[in-house]
Amino acid sequence: MEKMKREERAKQFMPFDALKGFREALLEKERIVVPKRELSEEQKEELDKKFLQIHKNDMITVEYFQKGEYVRVTGMISGIDETSRLLRVVNTKIPFDDISDLRKEAPAKGKAGP
C-alpha cells in the first residue's frame with residue numbers, strides 16, 4: 001500500500017461545509033427588514049436644528065436607514081457635504097435623507113492641570 005502524502009492526509013481533517021453559504025443565508029434570514037419611517041414636520045424641524053449645531057470634528061451619534069434596517073453609529077464627523085447632501089462620520093457616508101436622528105456627544109473631559 002502506498003503511503004499518503006502529508007498534505008493529502010491533512011485534507012481529510014479539514015472542516016467540510018456541505019451547505020456552502022447556508023450559515024450566511026440563515027443570518028440574513030434572521031435580519032428583520034423594516035420600512036423607512038417618514039418623519040413628521042416637527043421631527044424634520046428638530047433634525048434641522050440639530051444639523052445647525054454640528055461641525056466637522058464633533059463627536060456625534062447618528063441613526064440612519066440603510067438596506068432595510070436602522071443603524072446607529074457613533075464617531076467623529078469627518079465631513080459635511082451640503083452639495084451632495086452627505087454626512088461623513090469617520091469613513092461612513094450617510095445621505096441626509098436617510099438620517100432619522102442625531103445627537104452631539106459631550107466632549108471627553110481631560111485631566112485637570114496643576
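User: Is Phe51 buried or exposed?
Analyst: This model is predicted: local features need pLDDT of at least 70, side-chain atom pairs count only at pLDDT 80 or more, and totals for chains, interfaces and linings use all residues. Residues are numbered from 1 along each chain as its sequence is written, and side-chain values use heavy atoms, leaving out hydrogens and water. The cut-offs are under 20% relative accessible area for buried, over 50% for exposed, and partly exposed in between (1.4 Å probe, protein chains only). With a relative accessibility of 17%, Phe51 counts as buried.

User: How many aromatic pairs are there?
Analyst: Rings of Phe, Tyr and Trp (its six-membered ring) pair if their centres lie within 6.5 Å; planes under 30 degrees apart are stacked, over 60 edge-to-face, the rest tilted. One of the pairs joins Phe51 and Phe96, with 4.9 Å between centres and 50° between planes, which makes it tilted. The count of aromatic pairs is two.

User: How many residues apart in sequence are the parts that Phe51 and Phe96 tie together?
Analyst: Elements are DSSP runs numbered from the N terminus: helices are H or I, at least four residues, and strands are E, at least two. Phe51 sits in helix α3 (residues 41-52). Phe96 sits in the loop between β4 (92-95) and β5 (99-104), so the pair spans parts whose separation in sequence is 45 residues.

User: What is the relative accessible area of Phe96?
Analyst: Phe96 is the loop partner in this pair. Phe96 is buried, with a relative accessible area of 12%.

User: Which element supplies the largest share of the largest nonpolar core?
Analyst: A nonpolar core is a set of buried Ala, Val, Leu, Ile, Met, Phe, Trp, Tyr and Cys residues joined through side-chain atoms within 4.5 Å. The largest one has 14 residues, and those with the most contacts inside it are Phe51, Ile54, Ile60, Val62, Leu87, Ile99 and Leu102. At least two residues each come from α3, β1, β3 and β5. The largest share, three residues, comes from β1.

User: Which residue of β1 (59-66), listed among those with the most contacts inside the core, does Leu102 touch?
Analyst: Contact means heavy atoms within 4.5 Å. Leaving aside residues up to four places away in sequence, Leu102 touches Leu47, Lys50, Phe51, Ile54, Thr61 and Val62. Of the residues in that core list, Ile60 and Val62 have numbers inside β1 (59-66). The one that Leu102 touches is Val62.

User: Which strands stand at the edges of the sheet?
Analyst: The protein chain has three helices and five strands, running α-α-α-β-β-β-β-β from the N terminus. Strands pair if DSSP finds at least two bridges between them. The five form an open, antiparallel sheet in the order β4-β3-β2-β1-β5. One side is left without a neighbour in the sheet, because there is a single partner strand, for each of β4 and β5.

User: What is the bridge partner of Leu86 in β4?
Analyst: β3 and β4 run antiparallel and are joined by four bridges. In β4, Leu86 is bridged to Pro95.

User: What value is phi of Arg85 near?
Analyst: Arg85 lies in the loop between β2 (69-81) and β3 (86-89). Arg85 is partly exposed, at 41% relative accessible area. Its phi is positive, in a residue other than glycine, and near 55°.

User: Where does Asn57 lie?
Analyst: Asn57 is also not glycine, and its phi is positive, near 80°. Asn57 lies in the loop between α3 and β1.

User: What share of the 114 residues is buried?
Analyst: Phe51 and Phe96 are buried. Across the 114 residues of the protein chain, the buried share is 19%.
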